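Got the model open in your viewer? Here's a walk through it, one selection at a time.

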Amino acid sequence: MYDLAILGGGPGGYVAAGRAGTAGLSVVLFEKKSLGGVCLNEGCIPTKTLLYSAKIYDYTRHAGPYGVQVPESAVDFGAVLKRKEKVVRKLVGGVKAQLKEAGVEVVNGEAVITGRGTDGITLACGEETYRARNLLICTGSEAVVPPIPGLREGLGDVVVTNREILSLTGRPEELVVIGGGVIGMEFASFFNSIGTRVTVVEMLPKILGPMDEEISALLEAQYARKGVDFHLGCKVVAVEGNDVVYEDPEGRTCRARGDKILVSVGRRAAFQGIGLENIGVELALNPAGRPVGIRVDEKMRTQVPGVYAAGDVTGFSMLAHTASREGEVAVNTILGREDAMRYDAIPGVVYTNPEVAGTGVTEAEASAKGLDYAVLKLPMAYSGRFVAENERGEGLCKLIVDKSSQKILGVHMLGNPCSEIIHSACMAIEQGMTVSQIKKVVFPHPTVSEILKETAARL
């Protein structure tokens, strides 16, 4: 009998396992593929490794304005992929070591929930049966492949998801990206930098989905200047061989051709086939009545006593860092420690070049909620460090502030290295800080992070 069984070894599962094991609980973790889940093996880490190689290449090609001459530079696509694999292996090894140190038993296999009794939950993995007092479900998500004629037929050949594109043996000359969200734009950024002609077809009238509209528009404009061909407000109706057939906003039928076609229209919670029906776990439904994930409360509890869920499987905030925090909340609840999940300041980052980062409410969300708010914004060029390191670089820092209380409600940024700055905004929102309090914080000079203080000073 274990104190805790965990299904899934991604950022939610392995972080929870480590915390629980360190706290003295007996833990068994089941992972059917590789520790680290999609994030470490097929998402966050491998894509950021590729994007950093692309950024280095960008620096060499545009070093002249900085007084540095690089006569010849080229991308060795095979070497880039080899380094990506090395980084992933190293980090997976690190996760294994952490879990071993915490005393977690790791079972490589697919476990299924078989029932629940007075003393806990039973699971089967292979021919073995396991019992645990508590269960944490962290089975993650999977890429959505919509029922577009010809799309599924081309999977694994011309059509690829974020998984297959990481294993290409050569650089495609032309790439069509179906979906201009975070995943689509990051791959568009990488391949554009290394010389691939990239076309993005997006059904919405803007890229980056729910992220700030002004920031999204600025990023789109920068990538359009770099040669990415955007077709927004366009509905893909078919894939015919190497052609993506879509309808433009005027209803005209158009085509975009690519050596490879990346489908990146979102992800969905992976809760099928794990035996939820055997213990009666309830699912959350979307407005259309379709199940989108496992229903949980702010302590990550399902309605079944002793059963918790965290990460993408809840269908709510599909981000690795959200999953890790949710896993911590679940473990703290099991340990009897007071804790609860909050989503007011979950950071979202797009690792393009330049980067995009945001947290809290966007201007559109504030307006939709009827909030009485003010918008403060400054070009990143108000930061001396940014000007020194970004020749002709464009950027923006934008604060959404409650007019009455002057509390920070949202922060949205475009410009390097905003991914390393946004956590300050998260803490400000979490702590309910006001503009006046931000102004009194001493920021190191010169840093790009000073832009937060300078923007706050506009009020």
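## Stop one: patches on the surface

Start by selecting Tyr-52, which is partly exposed, with a relative accessible area of 46%. Before you go on, keep in mind that this is a predicted model. Tyr-52 sits in helix H3, which covers residues 44-61. Now add Ile-56 and Tyr-59 to your selection: together with Tyr-52, they make a nonpolar surface patch of about 310 Å².

Next, select Lys-82, Arg-83, Lys-86, Arg-89 and Lys-90. What kind of charge does this surface patch carry? The charge is positive. Zoom in on Arg-89, which belongs to helix H4 (residues 77-101). With a relative accessibility of 56%, Arg-89 counts as exposed, because the cut-off for that label is over 50%.

## Stop two: the whole chain

Zoom out and switch to a cartoon view. You should be able to find 12 helices and 24 strands in the protein chain. Its radius of gyration is 23 Å, close to the 23 Å that the globule rule gives for 459 residues, so the chain is as compact as a globular protein of that length. Turn the C-alpha trace around and you'll see that it spans about 70 × 60 × 45 Å along its principal axes. Of the 459 residues, 52% count as buried.

## Stop three: salt bridges

How many salt bridges does the structure hold? There are 30, and we'll visit a few.

Go back to helix H3 and show the side chains of Arg-61 and Asp-58. These two meet in a salt bridge, 2.8 Å from N to O. They are three residues apart in helix H3, so about one helical turn separates them. Is each partner buried or exposed? Arg-61 is partly exposed at 41% relative accessibility, whereas Asp-58 is buried at 8%.

Now pick Arg-255 and Glu-240, another salt bridge, where the closest N and O atoms are 2.7 Å apart. This pair links distant parts of the chain: Arg-255 is in strand E14 (residues 253-257) and Glu-240 is in strand E12 (residues 235-240), 15 residues apart. Arg-255 counts as partly exposed at 49% relative accessibility, and Glu-240 is partly exposed at 42%.

For another pair within a helix, select Arg-385 and Glu-389. Their salt bridge has its closest N and O atoms 2.4 Å apart. Both residues lie in helix H9 (residues 384-389), four residues apart, which is about one turn of the helix. From there, try selecting Asp-212, Glu-214, Glu-363, Lys-377 and Lys-398: salt bridges with shared partners join them into one network.

## Stop four: backbone oddities

Select Asn-353 and Pro-354. What sort of peptide bond joins them? A cis one, with omega at about 15 degrees. Pro-354 is in the loop between strand E20 (348-350) and strand E21 (356-360). A cis peptide bond also joins His-445 and Pro-446, with omega at about -5 degrees. To find Pro-446, look in the loop between helix H11 (435-440) and helix H12 (450-456).

Then try Met-300, which isn't a glycine but has a positive phi of about 70 degrees. Met-300 lies in the loop between strand E18 (291-294) and strand E19 (307-309), and at 0% relative accessibility it counts as buried.

Finish at Gln-406, a residue other than glycine with a positive phi near 65 degrees. Gln-406 is in the loop between strand E23 (396-402) and strand E24 (408-414), and it is partly exposed at 28%.

Definitions and conventions. Residues numbered from 1 in each chain as written. Predicted model: local features only at pLDDT ≥ 70, side-chain atom pairs only at ≥ 80, totals over all residues. Heavy atoms only, no water. Patch = residues over 30% accessible without salt bridge, like charges linked within 9 Å, V, L, I, M, F, W, Y side chains within 5 Å. Areas by Shrake-Rupley, 256 points an atom, 1.4 Å probe, with all protein chains shown as cover. Salt bridge = Lys/Arg side-chain N within 4 Å of Asp/Glu carboxyl O. Helix = DSSP H or I, 4+ residues; strand = E, 2+ residues; numbered from the N terminus. Buried < 20%, exposed > 50% of the residue type's maximum accessible area, 1.4 Å probe, protein only. Lys, Arg positive; Asp, Glu negative; His and termini not counted. Charge placed at Lys NZ, Arg CZ, Asp CG, Glu CD. Rg over C-alpha atoms; globule rule 2.2 N^0.38 Å.
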